[in-house]
Amino acid sequence: AGMIMKGAEVIAAMKEKILQDVTELKTQGIEPVINIIRVGARPDDLAYERGARKRMESVGIRMDVTELPEDISQKDFADAFRSVNDNPDVHGIMLFRPLPPTLDEEEIAGMINPIKDVDCMSPVNIAKVFGGDSDGHAPCTAEAVMEMLDFYGIELSGKRVTVVGRSMVVGKPLAMMLLKKNATVTMCHTRTKDLPGACRQAEVIAAAAGRAGMITADMVSEGAVVADVGINVNEAGKLCGDVDFSGVSKKAAAISPVPGGVGGVTTSVLAAHVVRAAQILAK
Ligand code: NAD
């Protein structure tokens, strides 16, 4: 069986650096603040919020939540968003998406200060990720995969990497970040004809499809590295990833579990983005 890539180890390493930066900011009289904007009270959002709060508290970042009613008008929503965006005490903003269908996300994405846009909704930050420019904020989950591969010393340059999933929050930006590291990237999605073949030829697989256990051992080459981004609930009601862990872990050189893998690293990346935003805004 291969090495287990544990989120907790990546989180611990990132925490040290973040704590140093927060301490430095506080000596300058700056308390880093993230404001999470939530419309309604979806259970997924509330779960993420609890995880984020724990992580922010652990590194001395203040987290405020702006709660808005689900039936808010676009105008009131935009006004509420603007007041957070314009507040000089707020360094990072994260808006839970998708929004209710009555609200227009694009107006908000165009309005957010790109420096405060810590989870990459602004077209400015999206363009930076896709242009290979690392001075913006990339989507936290995609970056969390990169942090994990980096922490475990997984070489990417020239390697065949297969990404399963092409969403704008995970698959696509992840592919761009892998390209930036000179990986040879194959993108797979629901229309891919030979997913098993595309996975078998990969030296590294990143699974972000949202399908419980879809990456099975027969699809993975001996010695491959497998990062599992999926967060699913299986028939038994248990949290699981996109990878059939028990089968694939016997063949993989390294594999990340779910839970306990990439998921938790996402909020550490978010915290690191808030710190960087506060540093930039302090200049
Ligand atoms: P999404 O539904 O927006 O996109 C899924 C992508 O996977 C699509 O591009 C689709 O084409 C592809 N796909 C779906 N089924 C497939 C199949 N059978 N074969 C090949 N491709 C297939 O999902 P998302 O928002 O990108 O999230 C993906 C997964 O990652 C989900 O399980 C989600 O819960 C998880 N996720 C985790 C975090 C985190 O760790 N914090 C954050 C975001 C998403």
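Which residues does UniProt list for "domain: Tetrahydrofolate dehydrogenase/cyclohydrolase NAD(P)-binding"? The unreviewed entry gives residues 139–279. Keep in mind that this is a predicted model.

Start with that stretch. Over residues 139–279 the chain is 35% helix and 17% strand. The C-alpha atoms at its two ends are 19 Å apart.

Next, the domain assignment. It divides out two domains in the protein chain, shown in the table.

| Domain | Residues |
|---|---|
| domain 1 | 29–113 |
| domain 2 | 140–263 |

The C-alpha centres of domain 1 and domain 2 lie 29 Å apart.

Now the ligand. There are 25 residues around it. Those that come nearest are Gly-165, Ser-167, His-189, Ala-209 and Gly-210. Sorted by class, the shell around the ligand holds 11 nonpolar residues, 12 polar residues and 2 charged residues. Helix α10, residues 262–282, supplies the largest share of this shell, with 3 residues.

Last, a look at helix α5. This helix covers residues 123–130. Which of its residues are buried? They are Asn-125, Ile-126 and Val-129. Look down the axis of α5: the buried residues fall within an arc of 100 degrees, so they line one face of the helix. What do these buried residues pack against? Their partner is α7, residues 171–180. After α5 comes Gly-132, which has a positive phi, near 75 degrees.

Terms used. Residues numbered from 1 in each chain as written. Predicted model: local features only at pLDDT ≥ 70, side-chain atom pairs only at ≥ 80, totals over all residues. Near = placed C-beta within 6 Å. Helix = DSSP H or I, 4+ residues; strand = E, 2+ residues; numbered from the N terminus. Nonpolar A, V, L, I, M, F, W, Y, C, P; charged D, E, K, R; others polar. Domains from an automatic or database assignment. UniProt positions renumbered as here; feature names shortened; annotations may be inferred. Buried ≥ 20, exposed ≤ 12 C-beta atoms within 10 Å, placed from the backbone. Arc of directions from axis to C-beta. Contact = placed C-beta atoms within 7 Å.
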